[in-house]
Amino acid sequence: MEINIPTLSDIQAAQKILESQVLKTPVWPSEYLKKEIESNAEVWLKLELFQLSGTFKLRGALLNMMSLNEEELARGVTAVSAGNHAIAVSTAAKALSTSAKVVMMITSNPERVETCRNLGAEVILAENVHAAFEEVQRIEEE
């Protein structure tokens, strides 16, 4: 399996695509982590908890969904997640005016499940992660 590592120009292109869709979140220096890794490097934390979805995962969800053509986007999107990714996909789907079906485990945090529903996603609960992936595959084939 080939892994495509993004280049600096890939990252800059993604930033340009996403700049109107995401918040510019702050960074914070971390002397604690710098000491923990015993390095002279500067260590900064990107505070993505202030992002629209509460995590950095919104960036990936949006970037992938914005690469879909009109027909693909109109069909809606699917995801498997116990929480953060499901919220990000739900947020991105709402922002791009498409539907989302997120398959979450029955053990997922009820607040995260409700957040997805409040964002307009259809939430399907699965017994475990294996069943969740089977369900999302069934949905995609349908």
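**Entry 1: Lys16 and its partner**

I started with Lys16, which is exposed, with a relative accessible area of 57%. This is a predicted model, so I treat each value as computed from it. Which side chain does Lys16 meet in a salt bridge? I found Glu19, with N and O 3.4 Å apart. Glu19 is partly exposed, because its relative accessible area of 48% falls short of the cut-off of over 50% for exposed. I jotted down a reminder for myself: side chains of opposite charge can pair when their charged atoms come close.

**Entry 2: the other salt bridges**

How many salt bridges does a search of the whole structure find? It turns up five. I looked at some of them in turn.

Glu71 and Arg75 have side chains that meet in a salt bridge, at 3.5 Å from N to O. Both residues sit in helix H4, four residues apart, which is about one turn of the helix. Buried or exposed, I asked about Glu71? Glu71 is exposed, at 58% relative accessible area. Arg75 is exposed too, at 59%.

Next I went to Arg138, which forms a salt bridge with Glu142. The closest N and O atoms of this pair are 2.6 Å apart. Arg138 has a relative accessible area of 39% and is partly exposed, whereas Glu142 is exposed at 68%. Then I checked what else joins in: Glu135, Arg138 and Glu142 are linked in a network of salt bridges.

**Entry 3: the largest pocket**

I moved on to pockets. The largest pocket holds about 390 Å³ of space. Its lining is made of 18 residues. Which residues lie nearest its centre? They are Arg75, Gly76, Val77, Thr78 and Glu140. I had already met Arg75 in the salt bridge with Glu71.

I also wanted to know where the lining comes from. Helices H3 (57–66), H4 (70–75), H5 and H7 (129–141) and strand S3 (77–80) each supply at least two residues. Which of these gives the most to the lining? That is H3, with four residues. Sorted by class, the lining has seven nonpolar, six polar and five charged residues.

**Entry 4: the second largest pocket**

The second largest pocket has a volume of about 170 Å³. I listed the residues that line this pocket: Gln15, Leu18, Glu19, Val22, Leu23, Lys24, Thr25, Lys46 and Arg59. Glu19 caught my eye here, as it is the salt-bridge partner of Lys16 from my opening entry. How does this lining divide by class? I noted three nonpolar, two polar and four charged residues.

**Entry 5: two positive phi angles**

Last, I looked at the backbone. Glu38 is not a glycine, yet it has a positive phi of about 50°. Where does Glu38 lie? I found it in the loop between helix H2 (31–36) and strand S2 (44–46). Glu38 counts as exposed, because its relative accessibility is 74% and the cut-off is over 50%.

Ser97 is another residue other than glycine with a positive phi, near 55°. Ser97 has its place in the loop between helix H5 (84–95) and strand S4 (100–105). Buried or exposed, I asked about Ser97? At 68% relative accessibility, Ser97 counts as exposed.

Terms used: Residues numbered from 1 in each chain as written. Predicted model: local features only at pLDDT ≥ 70, side-chain atom pairs only at ≥ 80, totals over all residues. Heavy atoms only, no water. Buried < 20%, exposed > 50% of the residue type's maximum accessible area, 1.4 Å probe, protein only. 1 Å grid on protein atoms, 1.4 Å probe; cavity = no way out; pocket = protein on both sides within 12 Å on 5 of 7 lines; lining within 4 Å. Points joined across faces, edges and corners; volume = space filled by probe spheres on them. Nonpolar A, V, L, I, M, F, W, Y, C, P; charged D, E, K, R; others polar. Salt bridge = Lys/Arg side-chain N within 4 Å of Asp/Glu carboxyl O.
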